[in-house]
Amino acid sequence: CAAVGHIAAAFDALPEVALGKKRELLFPGATPNSCVPDAVALADRETAQAVSVRCVTIRASGRATILNEASFALGKGEKVALMGASGAGKTSLLEALVNLREIGSGEIRLFGRPLRQWPNVELRRSAVLIAQRPFFLAGSIADNLRLARPGVSEQALFQALDSACAKEFVMALPQGLQTVLGAQGYGLSGGQLHRLALARLFLTSPELILLDEPTAHLDAASRDRLMDSLLDFAADRTLLVATHDPCVADRLGRILQIRAQRVSA
């Protein structure tokens, strides 16, 4: 499984492999009629949905289409992998789900409420996105971790770091938690910064967790350890993980595949 993951990452493509006992069910693209909402059916479904994406189109700044009429839903507490080649639109979709990227058409609902009706403060508390290039302030590692939970103890910081497979490298730094980072985390590698961002996740309490390639910089043993931590943390939460790694997808309950600007389940 590890070898398959390395091949997929190297060639920005996903080999056609069986993932445990799960099977991908591919559907054709949305038709105009499928984008006309049935109000009664929608109301019934959305009471049990964490995320509802209906006929959403996302375009780049040059107006090129990234995703075209994407439709899918995530049940409350569901654990789902989002797969597709590099550039397929995984990151754009995750950003749209937390209102960090404007959609051209369609509707996104979180826990039954249209995304446009969520105040930013409430949205940031309920949904957390850990991006591939996370945000860091100039300051110590401890200061940056406490952005997630101000005033938290050092013991809690180390517990979060351990869950994110980051404790070892932080403790090995001469100043440990007090190591000062430059703007945007200058001084640490991209993989180290990503693990610090994941540590911040473990200091939050969201209902919806969105992760963009959380295991990209890890070896197989660390990847599996991190997935153990994430699945334990997300036991009663909804989790959507964008990944190239079939081994990560195999740990989750369902796969959404982006192909030719469509999302299939």
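Reader: What makes β3 and strand β10 (residues 238–242) a pair?
Author: The bridges do. Two strands pair if DSSP finds at least two bridges between them. β3 and β10 have 4 bridges, in the parallel sense, so they qualify. Val 80 stands opposite Leu 240 in β10. A word on the source: this is a predicted model, where local features need pLDDT of at least 70 and side-chain atom pairs count only at pLDDT 80 or more, while totals for chains, interfaces and linings use all residues. Residues are numbered from 1 along each chain as its sequence is written, and side-chain values use heavy atoms, with hydrogens and water left out.

Reader: In what sense do β3 and strand β11 (residues 254–259) pair?
Author: In the parallel sense, over 4 bridges. Ala 81 has Ile 255 as its bridge partner in β11.

Reader: Why is β3 called largely enclosed?
Author: 5 of the 5 residues of β3 (residues 79–83) are buried (under 20% relative accessible area, 1.4 Å probe, protein chains only), so the rest of the structure largely encloses the strand. Both faces are covered. Lys 79, Ala 81 and Met 83 are buried on one side, Val 80 and Leu 82 on the other.

Reader: Why is Thr 65 called partly exposed?
Author: Its relative accessible area is 29%. Partly exposed lies between buried and exposed, and exposed means over 50%, so Thr 65 falls in between. Thr 65 lies in strand β2 (residues 65–75). Gly 89 is 24 residues from Thr 65 in sequence and 9.5 Å away in space, C-alpha to C-alpha.

Reader: What makes α8 a mostly covered helix?
Author: In α8, 11 of the 12 residues are buried. Leu 193, His 194 and Arg 195 are among them.

Reader: How do you know that the span of α8 is close to the expected one?
Author: The expected span is 1.5 Å times one less than the number of residues. For the 12 residues of α8 (190–201) that gives 16 Å, and the helix reaches 17 Å from its first C-alpha to its last. A helix here is a DSSP run of H or I, at least four residues long, and a strand is a run of E, at least two. The protein has 10 helices and 12 strands.

Reader: What makes a space a pocket, and how much space lies in the largest pocket?
Author: On a 1 Å grid over the protein atoms alone, a pocket is an open set of points where a 1.4 Å probe fits, with protein on both sides within 12 Å along at least five of seven lines. The largest pocket holds about 570 Å³, the space filled by probe spheres set on the points. Of its 17 lining residues (an atom within 4 Å of a point), Arg 124, Val 128, Leu 129, Ile 130 and Arg 200 are closest to the centre. β6 (127–130) gives the most to the lining, with 4 residues. α8 supplies at least two.

Reader: What is notable about the phi of Cys 55?
Author: The value is positive, about 55 degrees, although Cys 55 is not a glycine. Most residues other than glycine have a negative phi. Cys 55 lies in strand β1 (residues 49–59). At 7% relative accessible area, Cys 55 is buried.

Reader: Where is Cys 165, and why does it count as buried?
Author: Cys 165 sits in the loop between α6 (154–163) and α7 (167–172). Its relative accessibility is 4%, so Cys 165 counts as buried. Its phi is also positive, near 60 degrees.
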